[in-house]
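Q: Got a minute to walk me through this one? I'd like to go through a few spots in it.

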Amino acid sequence: MQPAVELRELCKSFRVRRPRAGGLGRRLSSLFAPRTEAVPAVDRLSFSIAAGERVAFIGPNGAGKSTTLKLLAGILQPDAGEVRVLGFVPSRQRTELAFQIGTVFGQRSQLWYQLPPRDTFDLLGRVYDIERREHARRIETLTSVFALGSLMNTPVRHLSLGERMRCEIAASLLHSPRMLFLDEPTIGLDVSAKAAIRELLLAESEREGRTLLLTSHDTGDMESVCERVIVIHQGRLLWDDSIGALRKSFLTAKRVTFWSEAERLELMLPGVRVVASGTHRTELEIASDVTPLGQVVDAALRQSSIKDMVIEDAPLDEVIRALYAHAERGCVT
Amino acid sequence: MCHMTLSDVAKHAAYARIAIAQGRRERGELYGRMVFFVVILGVFSSLWRAVGETGLAIAADPKALVWYLAATEWILLSAPQIHIEIQETIRRGDVVYRLGQPASFVMAEFAAGMGAVALRMPVLGAMAFACAFGFTRWTPPLATIALFIPFAVAAVAMLVALHLWIGMLAFWMQDVAPVFWLTQKLMFIFGGLMLPLTLYPAFMQRAAALTPFPVMLFTPASLMRGTGAVRPLILARDLVLWGAAMTAAVQWTYRRAMAGLTVNGG
Amino acid sequence: MIRLANTLGFARALVATNIKASLALRGAFVVQALFMALNNVTFFVFWWVLMQRTPSLRGWRLADIQVLFGVVAAGYGLTVTLAGGVRYLGQAIEEGVLDTLLTQPRPVLLHALGLRLQPSGFGDMLSGLLFIAWSGQLSWRTAPAVVLAVVASALVIVACGIVFFGLAFWLGRVDTAARQLWELLLTFSLYPEPLFGGALRFALFTVLPAGFVGYLPARVIRSPSLPDMLMLVVGALLYLVFAVQVFQAGLRRYASGSRFTTFG
């Protein structure tokens with residue numbers, strides 16, 4: 001089956017003006033004959049996404065995430081390489097592609113501020129040429145799935161950020177797109193709102209077999225919604241695999257929290273670092289390739305009676321930070 | 001105002017200095033005004049020449065009328081539209097911080113307005129008079145211009161006070177813009193912005209005399225026509241009287257606002 | 001054919017949504033419309049007073065000024081109601097609003113123009129029609145000429161707006177300069193053309209087409225003639241076509257990313 005997204009050696013550079021330093025003469029000549037420099041934003045990027053996959057697309061600021069997303073959506077033209085989304089070439093078949101994709105930009109709204117979401121939904125029905133009966137049916141479905149109920153008739157300016165986000169996502173799904181691009185969809189939301197959004201995205205995607213490409217700085221978005229993560233750095237592909245594989249092969253650290261009878265545990269073992277401690281509680285980070293986990297537990301039991309113990313993987317945040325740090329140091333996986 | 005000490009003056013002068021610094025950064029608007037001068041004076045020099053051809057007495061000397069327009073526009077455009085900022089300060093509830101400061105809100109805003117004037121007036125004045133000279137190839141006698149300038153400054157100060165008063169209406173109104181527009185339009189007509197009031201039908205001239213607008217625009221600008229019809233001492237007296245009335249209105253409005261203050265926001 | 005019908009349907013829906021959004025602020029809507037009408041009236045007082053004292057100015061009488069005023073006001077009102085987004089085009093380009101429009105299957109320019117509606121435009125349209133009526137030129141017989149004149153004037157205003165504010169594609173923050181040019185166009189269009197000398201008059205029918213916004217449409221209403229109507233229609237369409245080409249060129253540049261100085 002044809003992949004939903006296919007990128008091959010995709011390149012995009014931006015011309016940045018480098019002002020000439022120096023006196024008035026030089027600066028004037030800079031105005032009329034500017035010296036520009038090509039700064040690569042996307043550098044021979046290649047990957048593909050199968051239909052129905054849910055992929056997290058992450059990277060530090062300035063990595064080229066937004067640029068890639070814009071290239072996929074047909075907003076920007078690539079300099080070189082090939083890109084196909086749902087079988088279309090975005091830069092040449094923008095309109096045809098637009099009927100098949102939905103976009104949610106976390107910091108930009110497509111809902112009309114003074115009006116209830118229903119009015120925007122009506123307009124979108126005309127934007128996407130949705131037949132009237134089908135349009136009514138879709139609104140009913142989305143209203144029930146997203147629990148929009150009374151929100152539909154409340155002016156957007158009176159909605160909370162979480163409620164607005166639910167409406168935004170529903171709006172982007174109105175025309176039943178085969179693929180959804182989400183750029184920071186949970187930014188600014190509180191914990192329960194984030195959880196609600198993530199559940200909805202996961203459920204919707206699973207039910208409809210919709211392909212998702214999500215960029216986010218929140219690893220919770222990644223872990224709750226996506227199966228696969230693509231990491232880019234300075235425009236190049238850094239990592240492309242499942243989230244479990246990311247954790248397993250990249251960082252072998254474990255977090256262990258002990259609740260002990262002794263007030264404090266003193267474990268002087270190599271590869272073991274105290275992350276936090278309180279009375280009767282010690283949280284350790286263990287590099288399990290240096291000191292096996294079993295050895296640490298034994299050592300703790302020898303020191304004191306242990307009332308409770310929790311073993312966790314290192315937070316994904318740290319895994320990713322370590323990945324970027326490795327990339328900075330020039331160690332590309 | 002008579003109770004102000006030297007330190008009070010210094011305090012408010014600081015507001016003026018900030019306004020000047022801010023004005024330097026918002027040059028775009030000033031450039032726009034300068035372009036506007038070129039266009040409007042160009043159009044009107046043609047217009048008055050055309051009117052002169054019809055034999056209308058007042059247009060016998062179209063050059064003086066162009067300088068008249070330069071004068072009225074200079075006064076009008078030199079006054080910053082401080083009502084916008086004041087409305088925002090009140091609407092956002094920031095006014096609370098200002099009221100807690102040891103400087104009168106009214107005096108501070110006025111000082112800030114005059115600070116902006118200190119920057120705009122010389123620049124716009126140079127532009128206005130350069131354009132007027134460019135289109136007429138003539139200047140009024142230097143003594144006339146010298147006499148006009150202090151009256152112009154006083155007129156601009158009155159305009160600033162008027163804008164200040166309009167801004168303070170935000171204590172009661174959600175949006176003072178309509179009041180500003182209405183006042184501005186009335187000023188264009190009854191202040192004789194483009195046409196000297198002497199051209200108006202008698203009933204309109206009588207109506208204008210009931211407003212402060214003639215002493216802000218028409219009368220000072222008429223000095224530039226050098227007809228001798230304007231007596232400087234009378235103008236000075238009228239400016240003082242209307243200025244006092246304006247000050248009283250501003251103070252009264254401020255006291256009413258303080259008495260009934262509920263702060264927005266939160 | 002179906003595509004055109006769908007696009008028209010979309011345009012209609014856009015206008016309807018705009019009107020709903022404006023009505024949502026009921027009070028402000030009425031105030032803005034009323035005040036704009038009032039604004040136009042007070043500006044006209046200057047001409048009324050002047051023309052009382054000198055009935056003819058290089059062949060122009062008060063009725064002629066009324067028609068000129070009316071057609072520019074009505075044309076401007078039509079522009080800011082149906083294509084109100086034109087004044088915010090520079091902002092839309094700078095702030096990336098075009099990104100959202102590019103991901104939707106509708107013509108970007110049409111969508112961008114239709115994103116806003118200025119309620120004061122209704123005041124302009126109303127006062128414009130009243131001025132034309134006041135001049136005695138509004139009747140069932142002259143109605144077609146009036147409609148043609150107002151629509152053509154509006155098309156030229158929109159076209160100029162697209163070009164002025166579209167400069168943002170190449171120059172970045174141009175809002176202040178673009179607004180100045182926009183106001184310059186309207187200022188010149190409100191004064192009788194005989195006031196302007198040779199070179200300026202030429203400019204007002206070419207680079208700053210105030211002649212197509214005020215003078216020519218007014219002449220079509222006052223003394224309709226086929227050559228004038230043809231010149232008006234052809235002129236308006238040419239400017240519109242030119243403006244659309246400029247916008248498309250700008251959009252290509254936008255898509256090439258050349259205007260970016262940062263990326264992420």
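Q: Which residue is the bridge partner of A:Thr257 in E12(A)?
A: That's A:Glu283. Keep in mind that this is a predicted model.

Q: OK, and how do the two strands run, parallel or antiparallel?
A: Antiparallel: E10, residues 253-260 of chain A, pairs with E12, residues 281-287 of chain A, over 7 bridges.

Q: What about E13(A), how many bridges join E10(A) to that one?
A: There are 7 bridges between E10(A) and E13(A), which covers residues 306-313, and those two run antiparallel. One pair to look at is A:Ser260 with its bridge partner A:Ile306 in E13(A).

Q: Switching to chain B. How many helices and strands are there?
A: Chain B has 12 helices and 0 strands, so to speak an α list from the N terminus on.

Q: And how much of chain B counts as buried?
A: 41% of its 266 residues. Also, take the chain B contacts between residues at least 6 apart in sequence: 81% of them join residues at least 24 apart.

Q: How many residues of chain C are in contact with chain B?
A: 22 residues of chain C, touching 22 residues of chain B.

Q: Which helices of chain C supply at least two residues each to that side?
A: H2 (26-53) and H10 (175-189). H2(C) gives the most, with 11 residues.

Q: What's the make-up of that side of chain C by class?
A: The side touching chain B has 12 nonpolar residues, 8 polar and 2 charged.

Note on methods
Residues numbered from 1 in each chain as written. Chains lettered and ligands numbered in written order. Predicted model: local features only at pLDDT ≥ 70, side-chain atom pairs only at ≥ 80, totals over all residues. Helix = DSSP H or I, 4+ residues; strand = E, 2+ residues; numbered from the N terminus. Buried ≥ 20, exposed ≤ 12 C-beta atoms within 10 Å, placed from the backbone. Contact = placed C-beta atoms within 7 Å. Pairing = 2+ DSSP bridges. Nonpolar A, V, L, I, M, F, W, Y, C, P; charged D, E, K, R; others polar.
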